[in-house]
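Here is a quick walk through one protein chain, from its overall build down to a few individual residues. Have the sequence and the model open as you read.

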Amino acid sequence: MGWRLLAATLATAVLALAGLVIGASPASAHNVLKSTSPADGKKVARPPSSVVLTFDEPAIALGTKLVITGPEGPVQIGKPSLVDNTVTQDLQPGSPAGAYTVDWRVTSADGHPISGSFTFTAVAAGGPSTAPSLAPQPSPAPTAPTARGSSG
């Protein structure tokens, strides 16, 4: 009876191991950059208001960073926005004409950071901001209440 127990245990172990090998899924692949806006090497009329990177899979916010450097230095403002597989980084209004380099880093959903860079060229400087002013506006002067006569 000992041999039967040993054979059954061995058979179970072999089947379990075979199940692991057959049922094993491939390791998660890292994200791949599918497209950029502006496109790598592209000449654009003016610097864009933002740079957009699109990946083949969603990323996680941890470690996400874009540094956009123009002819006069960095032009990114604020933090990048990550929504699913798209990362958007706003740029300073009125950025100068010239060559721009975008250095980026994101973290794949599997936890591995990936990074790269690309370039674009703005033929002319960007225009001024079209965002509404956040300065307080003067409020109208209060008007005196009108007196109503009472009839008596």
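What share of the contacts in the protein chain with a separation of 6 or more comes from residues 24 or more positions apart? Such residues account for 60% of those contacts. Bear in mind that this is a predicted model.

## The overall build

The protein chain has one helix and nine strands. Reading from the N terminus, the order of elements is α-β-β-β-β-β-β-β-β-β.

As for burial, 22% of the 152 residues count as buried. The accessible surface of the chain is about 10,700 Å², and carbon and sulfur atoms hold 61% of that.

## The open sheet

Four strands make up an open sheet, ordered 1-3-7-6, with antiparallel pairing. Strand 1 (33–37) and strand 6 (76–83) sit at the edges with a single partner strand each, so each has one side without a neighbour in the sheet. From one strand to the next, the twist averages 15 degrees.

Inside that order, strand 3 and strand 7 run antiparallel and are joined by five bridges. One pair to look for is S50 with its bridge partner D90 in strand 7.

## Strands 2, 8 and 9

Strand 9 pairs in both senses. With strand 2 it runs parallel, and three bridges join the two; here K43 has T121 of strand 9 as its bridge partner. With strand 8 the pairing is antiparallel, over ten bridges, and W104 stands opposite G116 of strand 9.

Strand 8 and strand 9 also form a hairpin with four residues between the strands, where G111 has a positive phi near 95 degrees.

## The nonpolar core

Now for the inside. The largest nonpolar core counts 18 residues, and V51, L66, I68 and W104 are the ones with the most contacts inside it. At least two residues of this core come from each of strand 3 (50–55), strand 4 (59–70), strand 7 (86–91), strand 8 (98–108) and strand 9 (113–122).

I68 is a handy place to start clicking. Beyond its neighbours within four places in sequence, I68 is in contact with V51, G73, P74, V75, Q76, Q89, L91, Y100, T101 and V102. V51, one of these partners, is also among the residues with the most contacts inside the core.

## T36 and the loop after strand 1

Back at the edge of the open sheet, take T36, which lies in strand 1. Is T36 buried or exposed? T36 is buried, because its relative accessible area is 17% and the cut-off for buried is under 20%. Leaving out residues up to four places away in sequence, T36 touches V52, L53 and F118. Its side chain also reaches the backbone nitrogen of D40, at 3.4 Å.

Just along the chain there is a cis peptide bond between S37 and P38, with omega about 0 degrees. P38 belongs to the loop between strand 1 and strand 2 (42–44).

## D84, a positive phi

Most residues other than glycine have a negative phi, and most peptide bonds are trans. Against that background, D84 is worth a look: its phi is near 55 degrees, a positive value in a residue other than glycine.

Where does D84 sit? Its place is in the loop between strand 6 and strand 7. D84 is exposed, because its relative accessible area is 57% and exposed means over 50%.

Key:
Residues numbered from 1 in each chain as written. Predicted model: local features only at pLDDT ≥ 70, side-chain atom pairs only at ≥ 80, totals over all residues. Heavy atoms only, no water. Core = buried A, V, L, I, M, F, W, Y, C linked by side-chain atoms within 4.5 Å. Buried < 20%, exposed > 50% of the residue type's maximum accessible area, 1.4 Å probe, protein only. Contact = heavy atoms within 4.5 Å. Pairing = 2+ DSSP bridges. Axes fitted to C-alpha atoms, helices over the stretch in contact; angles between N-to-C directions. Areas by Shrake-Rupley, 256 points an atom, 1.4 Å probe, with all protein chains shown as cover. Polar contact = N/O pair within 3.5 Å; in protein donor to acceptor, adjacent residues only side chain to side chain.
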